[in-house]
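Hello,

Here is the structure we talked about handing over. Please open it beside this message, and then read on for what was found.

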Amino acid sequence: MNLFDQLSNLTFIPDAYEQWADYRANMTKLICQSCEGGSIAIFGVGECNDFDLKLLVNQFEKINLIDKADVDINTLAKKYLLTSAEIAKIDVYKYDIVGISDDDYRGLCSRLSEFLRCEEDDASFVDYALSEYEKLLAGNNPLTVPVISDYIVASGIHSQLYNMAAWIWDTYAAHKNINDRRIYELISRAIDMKISEVNDNLIKMGRKKVMISSELRRIGTKGGVEGAYQCLLDINRRSKENIINIESVEMLMWPFDLSQQKMYEMELIVFTH
């Protein structure tokens, strides 16, 4: 199995729906309090464990669910006991906000693994991997706006922009006991450049309000979460420059994966533009 698929399988959290019950209730409540009906688009919806779809279909006339992976509306309908009339309110879109496809990542892993089979020198491997990562990160497709909605919600997506790219290198670097930081630095620069573009597009998609929730910190650790940290800086910059008007800021506790003791303090910012 390709390394990308192996890592993707590890992202599944079996008890997420149960563990996230309070977080889901609080997040959904804040969304409903900030909106007045109409249409809403939710980015990074995944299996919809952090948004109560039943409550949302009762408040909004149209719900657009957007994720880089396929969203199975039938599975969501069973999870939230949706009627056929409620299902008719929902559209799903497969959309990656950085423009790197699953096949792009599979190709990267295949080429890196093939190089390792032919060349054992660590320095040569790092140089080759660096050139492959440069091509991957430079070849992003331009972002396009998939759908315009009254309200936009994006929760936890900024920390995931190039998370898979970093995870892939983590795996190879650990296997070869490589401490070279150049690929991580390349990914960090790509995140810095992409954050503003992502937020530009989220703002373009929302006619009335945008709600962005990012990891302020992981509980029990020091420092910010890469991607999320840059997102919060970008939002604060836009506010200081009067590009956006922040209406509210709320803090939420996200029990991401209790089996691995991963909990995050989330900062939900609601703003107009």
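Before we start on the sheet, one term: two strands count as paired if DSSP finds at least two bridges between them. Please also keep in mind that this is a predicted model.

With that term in hand, look at β6 and β7. These two strands run antiparallel and are joined by ten bridges. Across the pair, Asp 257 sits opposite Lys 262 in β7. β6 and β7 form a hairpin with four residues between the strands, and there Gln 261 takes a positive phi near 55 degrees.

Now zoom out to the sheet that holds this hairpin. It is an open sheet of seven strands with mixed pairing, in the order β3-β2-β1-β4-β5-β7-β6. Why do β3 and β6 each have one side without a neighbour in the sheet? Both strands, β3 (90-94) and β6 (245-257), stand at the edges and each has a single partner strand, so one side of each is left free of a neighbour there. On average, neighbouring strands of the sheet are turned by 20 degrees against each other, direction ignored.

For a parallel example, try β1 (residues 39-43) and β2 (residues 62-67), which pair over five bridges. Here Ser 39 stands opposite Lys 62 in β2.

Next, the helices on the sheet. Helix α10 (residues 182-205) lies across β1, β4 (149-155), β5 (206-218) and β7 (262-272), and runs at about 145 degrees to β5. Helix α11 (residues 228-240) also packs on the sheet, where it touches β5, β6 and β7. The direction of α11 makes about 135 degrees with that of β5.

Helix α10 turns up again in the second largest pocket, which has a volume of about 160 Å³. Eleven residues line this pocket, and Leu 137, Ala 138, Arg 189, Ala 190 and Met 193 lie nearest its centre. Two elements, α8 (122-138) and α10, give two or more residues to the lining. Which of the elements gives the largest share? That is α10, with six residues. By class, the lining has six nonpolar, one polar and four charged residues.

Last, the aromatic rings: the structure holds 15 aromatic pairs. In one of them, the rings of Tyr 133 and Trp 169 have their centres 6.4 Å apart and their planes at 75 degrees, so the pair is edge-to-face; planes over 60 degrees apart count as such. Tyr 133 lies in helix α8 and Trp 169 in helix α9 (residues 163-176), so to speak a link between distant parts of the chain, 36 residues apart.

Enjoy exploring!

Conventions:
Residues are numbered from 1 along each chain as its sequence is written. This is a predicted model: local features need pLDDT of at least 70, side-chain atom pairs count only at pLDDT 80 or more; totals for chains, interfaces and linings use all residues. Side-chain values use heavy atoms; hydrogens and water are left out. Axes are lines fitted to C-alpha atoms, for helices over the stretch in contact, and angles run from 0 to 180 degrees between N-to-C directions. Contact means heavy atoms within 4.5 Å. On a 1 Å grid over the protein atoms alone, a cavity is a set of points where a 1.4 Å probe fits but cannot get out, and a pocket is an open set with protein on both sides within 12 Å along at least five of seven lines; lining residues have an atom within 4 Å of a point. Grid points are joined across faces, edges and corners, and a volume is the space filled by probe spheres set on the points. Ala, Val, Leu, Ile, Met, Phe, Trp, Tyr, Cys and Pro count as nonpolar, Asp, Glu, Lys and Arg as charged, and the others, Gly among them, as polar. Rings of Phe, Tyr and Trp (its six-membered ring) pair if their centres lie within 6.5 Å; planes under 30 degrees apart count as stacked, over 60 as edge-to-face and the rest as tilted.
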